[in-house]
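Please work through the exercises below with the sequence and the coordinates at hand. Each task is followed by a worked solution.

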Amino acid sequence: MTLGSIGVVYGDIGTSPLYALKESLAAATGHAGAGALTREMVLGVVSLILWALTIIVTLKYVVLVLRADNEGEGGTLSLVTLAQRALGGAAGATIVLGMVGASLFYGDVIITPAISVLSAVEGLKLVTPAFDSYVVPLSLAILISLFAVQRFGTASVASFFGPLTALWFLVMALGGLMHIRDDLSILAAINPVYGLDFLMNHGTAGLLALGAVFLSVTGAEALYADMGHFGRAPIRTAWLGLVFPALAVNYLGQGAMLLAAPEGLENPFFLLYPAWALLPMVILATVATIIASQAVITGAFSVSQQAMHLGVIPRFRVLRTSETEKGQIYIPLINWLLLFAVILLVVLFESSSALAAAYGIAVTGDMVITSCLLFIVAWKFWRWSPALAALVIAPFLAIELVFLSANVLKIPQGGWFPLLTGTGLFILMRTWRKGTHLLAEITYRDRPPLAEFIRTAEQSTVPRVPGTAIFLTGNAQDVPAALLHNLKHNKVLHEKNIILTVATEEVPRLRDESRVTTEKLSDRFSRVTVRFGFMEHPNVPKALKAADFDLENASFFLSRRALQPSRDAGLSLWEDYIFIPLARSASDVSDQFCIPEDRAVEVGARVTI
């Protein structure tokens, strides 16, 4: 695994020391400051963080969840796909769980860049308070630049910033090592009893601190979602060999420093380092937060692609950015929508402390959904017994439910944001899925099988016109809608009719001789499949010409539906006003397949939905 990959995959978890310990102890003391800090608090919180990293990230995600890959892809919707496959399609509840989990993950994707960059840039205030008024503008400039370079691909961004993030983990470990000797009794925090005692003896304050402790593991979902970009084995190797040890040593060092000098609670991470190193550390931390943001952004692209395949969001334009890794993609519309949401969040909350309250609910909710889906996958897909699956998954679920309960207390302080965002996205996904199913039902209602249609068309007396008609369809076994409408309304049949399907293969590029396959269905009808590699832009006319198709007298027939809202049919009116704009935002077929305007004939129909 390259240093760049380490940076991208673990950037989110790697920035957690910037705010996790500080926010946890601040919650435990009721924000009373260093004067209220006790030895039991420090040992308890550090112990909770270490064991959260061990149980949630290492055991659950690195060891167990990474096994659940859908042809190399990870993320909540990969679990949905595996569960559907195991249940034989009878998986309505898993789709709902998947939509809830994906909605919460998008909330995480919005919050992570904002809180990560803000927390790093806020370190400038330790250099001089004069930087205070520049924190938000500088953070916005960094975020806009980050989203702007996404079109160059994950590998390009990782190769530029990734090695610095690997250095970041080494420097974190060094900072911790320098201060563990301040009070060696911090090593007792490795014993989980200290964490349990802290929770039992501090009531509501302990629960609030537990919600902040969860900030230390917030990158785990992005780690799983990014599996398609880097692979399972490299992620495990990097976590166990570098990232986890560096984080553990750093948290122990922060705790030892606070035991010796409680006034360091102001910013325990940056105060690990001598004054001369403060500015370089702020710069390095900022670089690391850029990679943290990169981790969740790439995860969002992967989850969005899976959501398209599952039919819960429209099909947007997807660009491949790597010749060797099919999972490395870029979705322009998703990228710019995320940037808009992140900018709005930074302007609204203005500080990482304010955002910390919003962060936990999105991540804990998503992790709970993952555990529920993982139980189904372990039971039905991996063929574990129900008892074994419950025995393994239940402890993770129980811990995450406790964390979720702790974060629920933060709803008034900012936890409302991911709940509001997640609810809105869930409504969009549910409406799109419901609308597309209804539209398919309307479209295929009374449509004859392809073989029967061809037999009837061949025997009909409708006029035959010269030339070739090419009808695009997503399903080569169905009668294309444009073909039906052309025959019904224009009452003509071309001399040659081609039912054309475009497929994307799991290789970067294809040789021209293996690109086009033809199957003759009758004297007038043929079925043609045009294949492209995932790195190729699908130019259909060029591919057909290379296969010796005569396109001089050919026209491409595309179906287009004009959707109309109705109070009385199909969707409710408020759902119509969500579904119809979403349908219009989907990628245009003629642009997607490079079909020239003077060769395209759109045959449409008004559909009341």
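The exercises concern a predicted model and treat confidence, a helix, a surface patch and cysteines in turn.

**Exercise 1.** Determine which elements of the protein chain have the lowest and the highest mean pLDDT.

*Solution.* Begin with the whole chain: its mean pLDDT is 82, and 91% of its residues reach 70 or more. Next, take the elements: helix 1 (residues 3–14) has the lowest mean, 54, whereas helix 3 (residues 39–64) has the highest, 91. Finally, examine residues 1–8, over which pLDDT stays under 50, although the model has 30 contacts beyond four places in sequence for them. Where pLDDT is low, the predicted coordinates should not be read in detail.

**Exercise 2.** Identify the buried residues of helix 20 and the elements against which they pack.

*Solution.* Within helix 20 (residues 481–490), the buried residues are Ala481, Ala482, Leu483, Asn486 and Leu487. Their packing partners include helix 19 (450–459), strand 3 (464–472) and strand 4 (493–505). After the helix comes Lys491, with a positive phi near 55°.

**Exercise 3.** Place Leu279 in its helix and in a nonpolar surface patch.

*Solution.* Leu279 lies in helix 14 (residues 278–310). With a relative accessibility of 41%, Leu279 is partly exposed; patch members need over 30%. Together with Val127, Phe131, Tyr134 and Ile283, Leu279 makes a nonpolar patch of about 450 Å².

**Exercise 4.** State how many disulfides the structure holds, and classify Cys372 and Cys594 by accessibility.

*Solution.* The number of disulfides is 0. Cys372, at 27% relative accessible area, is partly exposed. Cys594, at 26%, is also partly exposed, because this class runs between 20% and 50%.

Key
Residues numbered from 1 in each chain as written. Predicted model: local features only at pLDDT ≥ 70, side-chain atom pairs only at ≥ 80, totals over all residues. Heavy atoms only, no water. Disulfide = S-S within 2.5 Å. Buried < 20%, exposed > 50% of the residue type's maximum accessible area, 1.4 Å probe, protein only. Patch = residues over 30% accessible without salt bridge, like charges linked within 9 Å, V, L, I, M, F, W, Y side chains within 5 Å. Areas by Shrake-Rupley, 256 points an atom, 1.4 Å probe, with all protein chains shown as cover. Salt bridge = Lys/Arg side-chain N within 4 Å of Asp/Glu carboxyl O. Helix = DSSP H or I, 4+ residues; strand = E, 2+ residues; numbered from the N terminus. pLDDT = per-residue confidence, 0-100. Contact = heavy atoms within 4.5 Å.
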